Amino acid sequence: MAFYQGEVGTSLRDLIATADYINHAIPNDDEIEGAINRLSAAGLVTVEDDHFYLTADGRTLLNKLRTKRTTLLQAWELVEERLQSSEFPVLEVPTFKLAPGKFKAASHSYQDLF
């Protein structure tokens, strides 16, 4: 997953790159916002200063997946299964909304790598 466990967090560009790697398609801004809002409401992700961070629960889930020695794609499938089979508390968190132009800039920055 693109969410790093360190202090740095994950940029929007890196999130787009990971989504492209997994789905072979660049997500649009609505898909990014929807995913971040669902993960945030489940208590797995936070957003600060244009970066995305795993919460303690998110890190615990990721560590469980890593102990299974999975590839990134296998780990993503396990995350999907876990999210579909678990009941997470719905947290009251501010709705994540990309600032105007942020998605376009990050998407172009990612595409410029090629």
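The following questions and answers concern the predicted model shown above.

User: How are residues numbered, and which pLDDT limits apply to this predicted model?
Analyst: Residues are numbered from 1 along each chain as its sequence is written, and side-chain values use heavy atoms, with hydrogens and water left out. In this predicted model totals for chains, interfaces and linings use all residues, side-chain atom pairs count only at pLDDT 80 or more, and local features need pLDDT of at least 70.

User: In what order do the elements of the chain run from the N terminus?
Analyst: Helices (H or I, at least four residues) and strands (E, at least two) are DSSP runs, numbered from the N terminus. The chain has five helices and three strands. From the N terminus on, their order is β-α-α-β-β-α-α-α.

User: What percentage of the 114 residues is buried?
Analyst: Buried means under 20% relative accessible area, exposed over 50%, and partly exposed in between (1.4 Å probe, protein chains only). Of the 114 residues in the chain, the buried ones make up 35%.

User: Which residues have the most contacts inside the largest nonpolar core?
Analyst: A nonpolar core is a set of buried Ala, Val, Leu, Ile, Met, Phe, Trp, Tyr and Cys residues joined through side-chain atoms within 4.5 Å. The largest such core has 20 residues, and α1 (12–23), α2 (29–41), β3 (51–54), α3 (56–66) and α5 (102–111) each supply at least two of them. In soluble globular proteins, nonpolar side chains tend to be buried together. Those with the most contacts inside this core are Leu12, Ile16, Ile32, Ile36, Val45 and Phe52.

User: Which residues is Ile32 in contact with, leaving aside its neighbours within four places in sequence?
Analyst: Contact means heavy atoms within 4.5 Å. Ile32 is one of the residues with the most contacts inside the largest nonpolar core. With neighbours within four places set aside, its partners are Leu12, Leu15, Ile16, Pro27, Phe96, Leu98 and Phe103.

User: How far apart are the end C-alpha atoms of α1?
Analyst: The expected span of a helix is 1.5 Å times one less than its number of residues. For the twelve residues of α1 the expected span is therefore 16 Å, and the end C-alpha atoms agree with it at a separation of 16 Å.

User: Which elements are included in what covers the buried residues of α1?
Analyst: The buried residues in α1 are Leu12, Leu15, Ile16, Thr18, Ala19, Asp20 and Ile22. What covers them includes β1 (10–11), α2, β3, α4 (72–85) and α5.

User: Is His24 buried or exposed?
Analyst: His24 follows α1 and is placed in the loop between α1 and α2. Its phi is near 55 degrees, a positive value in a residue other than glycine. Because its relative accessibility is 67%, His24 counts as exposed.

User: Is Ser107 buried or exposed?
Analyst: Ser107 lies in helix α5 and touches Ile16 and Ile26, not counting residues up to four places away in sequence. Its C-alpha is 9.5 Å from that of Asp14, although the two are 93 residues apart in sequence. Since the relative accessibility of Ser107 is 8%, the residue counts as buried.

User: Which element gives the most to the lining of the second largest pocket?
Analyst: On a 1 Å grid over the protein atoms alone, a pocket is an open set of points where a 1.4 Å probe fits, with protein on both sides within 12 Å along at least five of seven lines; lining residues have an atom within 4 Å of a point. About 190 Å³ of space lies in the second largest pocket, and of its 14 lining residues the closest to its centre are Leu12, Asp50, Phe96, Leu98 and Lys102. The elements that give two or more residues to this lining are β3 and α5. The one that gives the most, with three residues, is α5.

User: What is the relative accessible area of Asp50?
Analyst: Asp50 is found in the loop between β2 (45–48) and β3. Although not a glycine, Asp50 has a positive phi of about 65 degrees. Asp50 is partly exposed, because its relative accessible area is 47%.

User: How far apart in space are Thr95 and Asn37, C-alpha to C-alpha?
Analyst: Thr95 lies in the loop between α4 and α5 and is exposed, with a relative accessible area of 66%. Thr95 and Asn37 are 58 residues apart in sequence, and their C-alpha atoms are separated by 6.2 Å.

Key: Points joined across faces, edges and corners; volume = space filled by probe spheres on them.
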